[in-house]
Amino acid sequence: MALSVPGYSPSFKRPPETLRLRRKRARSRGAPSRPEPAPRRAALEAGLPLRPFPAAAGRGGGPAAAPRNPFARLDNRPRAAAEPPGEPARGQQEAPGPLLGANQENDLPWEEKFPEGTAAPESLQPFTWADHLKAQEEAQGVVQHCRATEVTLPPSIQDPKLCTELRRAFQQSLVYWLHPAFPWLPLFPRIGADRKMAGKASPWSADEALQDILMSDWSVSFTSLYNLLKTKLCPYFYVCTYQFTILFRAAGLAGNDVITALISPTTRGLREAMKNEGIEFSLPLIKENGQEKKASRTSLGHEEEQAMSDEDEEESFSWLEEMGVQDKIKKPDILSIRLRKEKHEVQMDHRPESVVLVKGMNTFTLLNFLINCKSLIATSGPQAGLPPTLLSPIAFRGATMQMLKARSVNVKTQALSGYKDQFSLEITGPVMPHSLHSVTMLLKSSQSGSFSAGLYTHEPTAVFNICPPVTEVQDKETVHEELANCGLHPKTLDQLSQTPVLGKSSLRHVKMSDYIYNWRS
């Protein structure tokens, strides 16, 4: 039941007029405080609990209370008797302090109190220097790549956006070479790319003559790349098919003194076909008696191998005849024994453990095998009739120059101190090892030795980080001298010539703090 107050009769006003008065009141700055209205003074003298008016200085820099509903009853709160004794009446409370919000909560959206001796975290430096290269800078970056120009930057660059050497070097690190090249088709990755290629134009899929032309042109490019690799003018390259990927590396890389080729993933059918072609290879992740398993015996013919295997199986059951129980025990047939032996090889198909290593002159035999292999090209689906993708850090016959896509992103991220600027640089495309190392060297200079990078690896190629068996470790000076014209920066070449240590995993996160690297796989 409301308490009647003598002389208090609130008048009704239309909402627009009331709101207009409030706006005028908020705009007046520095105006002297007006006395309480007569009806309000009468209500306070009668002991009614009233809400305070909004502070007029709310927009002028002073603390502002919560906005008041102009249509609310003045006595819409519990009676003053319900309040704990000793507390002042609500109408006489002080206005909220500067650290209190509208809901009387002590949240600090823009101010943060740090313990003594702890500094507020600083935002990363922006990557705007990587955007909108000038025409001259872009052209010079391309020329530097083609001429394999070695660029050395200072440890720290004060204003990266004004450093033309940095921007040219960044353009240089984004170049890669591709064959074949069809702008409307994504040609990397090829494994599991049917969905991305579905519905795209492929005029060669039903034209055998056009398929022969594409394959002939691809064979020329493949042979050109291998010759560059053999003469140590190309450090490495990739062959990406719809079923597996091959990494060819020049002698001197990954600690090997001969040309090596890693194939992953493989199947029993592919391995059997390579055996029949006389290609010697090993399975580095499959070991027997502490030694790597040799998967080929080129000194023996297929028929001779089969005959020896059958003789071994016959001898393994001769002891039954010596005991006179050969008729009581059912002898397993040769086919069942062979199937059990092959079960393990079939189980590792399409897995990282199926990676195959080919070394030395066997890589040339592998080249001819791949050129003449009919199953290298899909016969159905979106990739039907399309030759494998060749990726290289340097130019080769029939190659097309491509650029990795890079863009800087600035976002607001929530933190303890409210919101802060977060700067990132996104690079998409087939980022090969040399490009990753070159970009990190540039970021070291442009970001003053502090940055972090998240990496997304094409999973079928992660196994290429295994440590292959090394016959003879070459001296670094010898490697640099022999591969001096391969197109890589000396520091990048030094990194790629080291023996891999990641195993079947790959880099997931790289962080540099105060010019010191940390990485996580």
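# Close-up views of a predicted model

Residues 24 or more positions apart account for 70% of the contacts in the chain with a separation of 6 or more. The model is predicted. Its chain holds 14 helices and 14 strands. Of the 521 residues, 34% are buried.

**View 1. The largest nonpolar core.** This core has 85 residues. Five of its members touch the most others: Phe 222, Phe 248, Met 274, Leu 366 and Leu 370. Helix H6, residues 208-230, gives the most to this core, with 8 residues. In soluble globular proteins, nonpolar side chains tend to be buried together.

**View 2. The surroundings of Phe 248.** Leaving aside residues up to four places away in sequence, Phe 248 touches residues from several stretches of the chain, including Phe 222, Tyr 226 and Leu 229. Its contacts also include Pro 235, Tyr 236, Phe 237 and Val 239. Further along the sequence, Thr 260, Ala 261, Thr 363, Leu 366 and Leu 370 touch Phe 248 as well.

**View 3. Aromatic rings around Phe 237 and Phe 248.** The whole structure has 10 aromatic pairs. In one of them, the ring centres of Phe 237 and Phe 248 are 4.9 Å apart and the planes lie at 10°, so this pair is stacked. Phe 237 sits in strand S2 and Phe 248 in strand S3, so the pair ties together parts 11 residues apart in sequence. Both residues are buried. They belong to one aromatic cluster with Trp 218, Phe 222, Tyr 226 and Phe 364.

**View 4. Helix H6 and its cover.** H6 has 23 residues. From first C-alpha to last, H6 reaches 33 Å, close to the 33 Å expected at 1.5 Å a residue. Its buried residues include Leu 214, Met 215, Trp 218 and Phe 222. Ser 219, Ser 221 and Ser 224 are also among the buried residues of H6. So are Leu 225, Tyr 226, Leu 228 and Leu 229. The cover over the buried residues of H6 includes strands S1, S2 (236-240), S3 (245-249) and S8, together with helix H11 (362-372).

**View 5. The two ends of H6.** Asp 207 caps the N-terminal end of H6. A side-chain oxygen of Asp 207 lies 3.2 Å from the backbone nitrogen of Ala 209. After H6 comes Lys 232, with a positive phi near 60°.

**View 6. Strand S1 between its partners.** S1 covers residues 175-179, and 5 of the 5 are buried, so the strand is largely enclosed by the rest of the structure. Val 175, Trp 177 and His 179 point one way from S1. Tyr 176 and Leu 178 point the other way. S1 runs antiparallel to strand S9 (residues 400-403), and 4 bridges join the two. S1 also pairs with strand S8 (residues 389-392) in the antiparallel sense, over 3 bridges. Leu 178 stands opposite Thr 400 in S9 and opposite Leu 391 in S8.

**View 7. Thr 164 in helix H4.** Thr 164 lies in H4, residues 164-173. Thr 164 is partly exposed, with a relative accessible area of 30%. The side chain of Thr 164 makes a polar contact with the side chain of Glu 165, at 3.5 Å. Thr 164 and Glu 137 are 27 residues apart in sequence, yet their C-alpha atoms are 6.9 Å apart in space.

How values were computed:
Residues numbered from 1 in each chain as written. Predicted model: local features only at pLDDT ≥ 70, side-chain atom pairs only at ≥ 80, totals over all residues. Heavy atoms only, no water. Core = buried A, V, L, I, M, F, W, Y, C linked by side-chain atoms within 4.5 Å. Buried < 20%, exposed > 50% of the residue type's maximum accessible area, 1.4 Å probe, protein only. Contact = heavy atoms within 4.5 Å. Pairing = 2+ DSSP bridges. Expected span 1.5 Å × (residues − 1). Polar contact = N/O pair within 3.5 Å; in protein donor to acceptor, adjacent residues only side chain to side chain. Phe/Tyr/Trp six-rings, centres within 6.5 Å; stacked < 30°, edge-to-face > 60°.
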